[in-house]
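Work through the exercises below with the sequence and the model at hand. Each task is followed by a worked solution.

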Amino acid sequence: MGLILPIATFPMTRLCYCHSQQPFAQCCEPLLSGNSTAPSAEALMRSRYSAYATANFDYVLNTYSREKREHLTLADLQENAEATQWLALQVESHSADGETAEVQFCAYFKEQGKLYKLHELSRFVREEQQWKYHDGDILPDTGTVKMGRNDLCFCGSERKFKQCCGKG
């Protein structure tokens, strides 16, 4: 199953899955637990990444826009992410204009021992005063990633990839 840990076992002093450099308890955990709502589309996108990393598919489903949620099921989300190990998130840009917003990001993950990058320009809408993910464009450099032997890890640890996220 990879990097999927129940939220209850995740140390609250540890940094958030979304790589915000904030403690999980002060970043995405309040959103995932329903104790607060995302103040921006970027915060929602980060929390959705953390939800995927912790297998909180109820949260993922509930943060889709009404229109998109009609065509999804919890089982679909679980099946599509079953063999995924989420490694790192890099937010590249965020812009908002009233009730809509865009976030461009790269998410790195492993499936069946192979390293991948998802590079997306995501679109968000506000529904009932809450940000929701609507859809996105997958950018051309999405796909398998080949890391060089001495490349630094994309997670920001400043260690070589093979000694960090590339272990195992």
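**Exercise 1.** Which residues in H2 are buried?

Solution. The model is a predicted one. Take buried to mean under 20% relative accessible area. In H2, the residues that meet this are Ala41, Ala43, Leu44, Met45, Arg46, Ser47, Arg48, Tyr49, Ser50, Ala51, Tyr52 and Ala53. That makes 12 of the 13 residues of H2 buried, so the helix is largely enclosed by the rest of the structure.

**Exercise 2.** Check the length of helix H2 (residues 41-53) against a rise of 1.5 Å a residue.

Solution. The expected span is 1.5 Å times one less than the number of residues. For the 13 residues of H2 this should give 18 Å. The end C-alpha atoms of H2 are 18 Å apart, so the two values agree. Just after H2, Ala55 has a positive phi of about 60°.

**Exercise 3.** Describe the largest pocket and its lining.

Solution. Start with the volume, which is about 510 Å³. Of the 26 lining residues, Tyr52, Trp86, Phe105, Leu118 and Glu120 are the closest to the centre of the pocket. Two or more lining residues come from each of H2, helix H5 (74-81) and strands S1 (84-97), S2 (100-111), S3 (114-127) and S4 (130-138). S3 gives the most, with 6 residues. Sorted by class, the lining has 16 nonpolar, 6 polar and 4 charged residues.

**Exercise 4.** Compare the radius of gyration of the protein with that of a compact globule.

Solution. For 168 residues, the globule rule gives a value near 15 Å. The protein has 16 Å, which agrees.

Key: Residues are numbered from 1 along each chain as its sequence is written. This is a predicted model: local features need pLDDT of at least 70, side-chain atom pairs count only at pLDDT 80 or more; totals for chains, interfaces and linings use all residues. Side-chain values use heavy atoms; hydrogens and water are left out. Helices (H or I, at least four residues) and strands (E, at least two) are DSSP runs, numbered from the N terminus. Buried means under 20% relative accessible area, exposed over 50%, partly exposed in between (1.4 Å probe, protein chains only). On a 1 Å grid over the protein atoms alone, a cavity is a set of points where a 1.4 Å probe fits but cannot get out, and a pocket is an open set with protein on both sides within 12 Å along at least five of seven lines; lining residues have an atom within 4 Å of a point. Grid points are joined across faces, edges and corners, and a volume is the space filled by probe spheres set on the points. Ala, Val, Leu, Ile, Met, Phe, Trp, Tyr, Cys and Pro count as nonpolar, Asp, Glu, Lys and Arg as charged, and the others, Gly among them, as polar. The radius of gyration is taken over C-alpha atoms; the globule rule is 2.2 Å times the number of residues to the power 0.38.
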